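Hi,

I'm passing along the structure we talked about, so that you can have it open while you read. My notes come straight after it.

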Amino acid sequence: MNMTRGQIDAISNLGLAHIGDGVFELLCRSYLCARGDKSVHRLHADTVNMVNAPAQAKFAQALLPHLTEPELSYFRRGKNAHTHAAPKAATGREYALATGLETLFGALYLAGETARLNELFHIILEESDGI
């Protein structure tokens with residue numbers, strides 16, 4: 001993908017989060033597979049532990065000091081999006097932070113910023129005590 005900022009801005013906040021959810025999950029799955037031989041069941045369980053809203057909220061907080069102003073803008077768009085309900089296992093605040101993270105990852109993906117996506121994902125891994 002190599003969309004312009006204008007094209008990305010035309011996508012709804014939750015549309016960007018929808019894309020970012022898939023991007024973030026793919027990064028997590030790739031990371032877990034690259035770490036070594038695990039059963040499919042273990043890969044699935046570890047992926048779920050990384051992509052749930054409370055974990056994503058923690059990751060988002062670790063990333064905030066590393067974001068540029070345009071990245072913060074996308075993060076805030078997602079965080080402030082009007083979602084209908086948080087999952088049972090997450091608070092409203094956790095869900096908002098997770099949606100912000102997903103929106104940011106969706107925008108970066110659509111902009112073709114894969115190097116930056118990888119950089120931010122590595123920051124998450126470094127600051128999250130070796131998931």
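Below are the helix packing and the pocket, taken in turn.

Please keep in mind that this is a predicted model.

Let me start with helix α4 (residues 53–63), which takes part in two of the contacts described here. Its partner in one of them is helix α6 (residues 92–110): the two axes come within 7 Å and cross at roughly 65 degrees. The crossing of α4 past α6 is left-handed. On the α4 side the contact uses Ala53, Pro54, Gln56, Ala57, Phe59, Ala60, Gln61 and Leu63, and these meet Arg93, Glu94, Tyr95, Leu97, Ala98, Leu101, Glu102 and Phe105 of α6. By class, that contact has eleven nonpolar, two polar and three charged residues.

The other partner of α4 is helix α3 (residues 40–51). Here the axes lie 5 Å apart, at an angle of about 55 degrees. An angle between 35 and 65 degrees counts as oblique, so α3 and α4 are oblique to each other. From α3 come Asn49, Met50 and Val51, which meet Ala53, Ala55, Gln56 and Phe59 of α4. Five nonpolar and two polar residues make up this contact, with no charged ones. Ala53, Gln56 and Phe59 of α4 appear in the contact with α3 and also in the one with α6.

Next comes the pairing of α2 with helix α7 (residues 114–127), whose axes come within 11 Å and cross at roughly 60 degrees. These two helices are therefore oblique as well, and their crossing is right-handed. Val23, Phe24, Leu27, Cys28 and Tyr31 are the α2 residues involved, and they meet Leu117, Asn118, Phe121, Ile124 and Leu125 in α7. The count by class is nine nonpolar, one polar and no charged.

Now for the part you may want to look at in your own software: where is the largest pocket lined, and by which helices? Helices α2 (13–35), α4 and α6 each supply at least two residues of its lining. The pocket holds about 200 Å³ of space. Its lining has 17 residues, and Asp21, Gln56, Tyr95, Thr99 and Glu102 lie nearest the centre. The lining divides into ten nonpolar, five polar and two charged residues. Among the residues nearest the pocket centre, Gln56, Tyr95 and Glu102 also belong to the contact of α4 with α6.

Best wishes

Conventions:
Residues are numbered from 1 along each chain as its sequence is written. This is a predicted model: local features need pLDDT of at least 70, side-chain atom pairs count only at pLDDT 80 or more; totals for chains, interfaces and linings use all residues. Side-chain values use heavy atoms; hydrogens and water are left out. Axes are lines fitted to C-alpha atoms, for helices over the stretch in contact, and angles run from 0 to 180 degrees between N-to-C directions. Helices (H or I, at least four residues) and strands (E, at least two) are DSSP runs, numbered from the N terminus. A crossing is left-handed if the near helix is turned anticlockwise from the far one by less than a right angle, and right-handed if clockwise. Contact means heavy atoms within 4.5 Å. Ala, Val, Leu, Ile, Met, Phe, Trp, Tyr, Cys and Pro count as nonpolar, Asp, Glu, Lys and Arg as charged, and the others, Gly among them, as polar. On a 1 Å grid over the protein atoms alone, a cavity is a set of points where a 1.4 Å probe fits but cannot get out, and a pocket is an open set with protein on both sides within 12 Å along at least five of seven lines; lining residues have an atom within 4 Å of a point. Grid points are joined across faces, edges and corners, and a volume is the space filled by probe spheres set on the points. Angles under 35 degrees count as roughly parallel, over 145 as roughly antiparallel, 65 to 115 as roughly perpendicular and the rest as oblique.
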